[in-house]
Amino acid sequence: MHRRLALTAIASAVVIPSLVSVAVAQPQGGPTAAATGNTGARMGEAEAKHAADTLAAGSASLAASRVALQKASDDDVKQFARFEVAEQETVADVLKAMRDPSQAASGQVKPPAEPEVTGQLDPKGKAMLDKLEQAKSGKAFDIEYVRGQIEGHQALLKIQEAYLATGKDRENLGVAKLARGQIREHLALLAEIEKDLKD
């Protein structure tokens, strides 16, 4: 298990910076782009839906993982929560930059504030977050968190695959491909953690 977590950390260290560089290497421009250094991605209807859906599902995962950093008792669950917080904060920053060319280009990740994250949650995400916030630390919390992450990652995977089947913009497709690979890796890791928690 610990070897798998180490491999995931290495993969995240490679993929996340790649995701950021793909997202900001856009060939568009204008007066705002010249001033900020951020050319922005082409946002057609499919791209806007992909970004909004990814951000909403990712916000649920981020909010839950921030709670898990405080309440998880299993070492592997804590480690996963740390990876997930770092990844979802980066993805949120990338998606925000892609959608807003007025945002200055930067190599630094600007984590979304708590109101930004919770403001993205749908009723199901809010209910899940409330349940985790009210739960006591321990094995039952860890299992609930992991199950929620599995469900959330399955939803994120469907969002990426839907965009990959219909999207046309090369840079947005690149981001979706990178995200899909990470999500698949996380689902495999979560299945292992869930199995260990049940043993």
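Helices are DSSP runs of H or I with at least four residues, numbered from the N terminus. In this predicted model, D169 occupies the loop that joins helix 7 to helix 8 (170-198). Because buried means under 20% relative accessible area, D169, at 5% relative accessibility, is counted as buried. The side chain of D169 also forms a polar contact with the side chain of N172, at 2.6 Å.

Helix 4 (75-99) was examined for its length, its surroundings and its N-terminal end. Its 25 residues, at 1.5 Å a residue, should span 36 Å, and the C-alpha atoms at the two ends of helix 4 are indeed 36 Å apart, so the expected and modelled spans agree. Of these 25 residues, 18 are buried, and helix 4 is therefore largely enclosed by the rest of the structure. The N-terminal end of helix 4 is capped by D74, with a side-chain oxygen of D74 placed 2.9 Å from the backbone nitrogen of D76.

Empty space in the model was considered next. Rolling a probe the size of a water molecule over the atoms shows where such space remains. The largest pocket has a volume of about 470 Å³. Its lining is made up of 21 residues, and those closest to the centre of the pocket are A60, K124, G125, E151 and G152. Helix 3 (45-71), helix 6 (123-134) and helix 7 (139-166) each contribute at least two residues to this lining. Among the contributors, helix 7 gives the most, with 8 residues. By class, the lining of the largest pocket comprises 8 nonpolar, 6 polar and 7 charged residues.

The second largest pocket holds about 230 Å³ of space. A total of 13 residues line this pocket, and L55, A92, K96, P112 and E116 lie nearest its centre. At least two lining residues come from each of helix 3, helix 4 and helix 5 (114-119). Helix 4, described above as largely enclosed by the rest of the structure, provides the largest share of the lining of the second largest pocket, namely 4 residues. The lining of the second largest pocket divides into 5 nonpolar, 3 polar and 5 charged residues.

Helix 3 thus takes part in both linings: at least two of its residues belong to the lining of the largest pocket, and at least two to that of the second largest pocket.

Notes. Residues are numbered from 1 along each chain as its sequence is written. This is a predicted model: local features need pLDDT of at least 70, side-chain atom pairs count only at pLDDT 80 or more; totals for chains, interfaces and linings use all residues. Side-chain values use heavy atoms; hydrogens and water are left out. On a 1 Å grid over the protein atoms alone, a cavity is a set of points where a 1.4 Å probe fits but cannot get out, and a pocket is an open set with protein on both sides within 12 Å along at least five of seven lines; lining residues have an atom within 4 Å of a point. Grid points are joined across faces, edges and corners, and a volume is the space filled by probe spheres set on the points. Ala, Val, Leu, Ile, Met, Phe, Trp, Tyr, Cys and Pro count as nonpolar, Asp, Glu, Lys and Arg as charged, and the others, Gly among them, as polar. Buried means under 20% relative accessible area, exposed over 50%, partly exposed in between (1.4 Å probe, protein chains only). A polar contact is a pair of N or O atoms within 3.5 Å; within protein, one must be able to donate a hydrogen and the other to accept it, and residues adjacent in sequence count only if both atoms are side-chain atoms. The expected span of a helix is 1.5 Å times one less than its number of residues.
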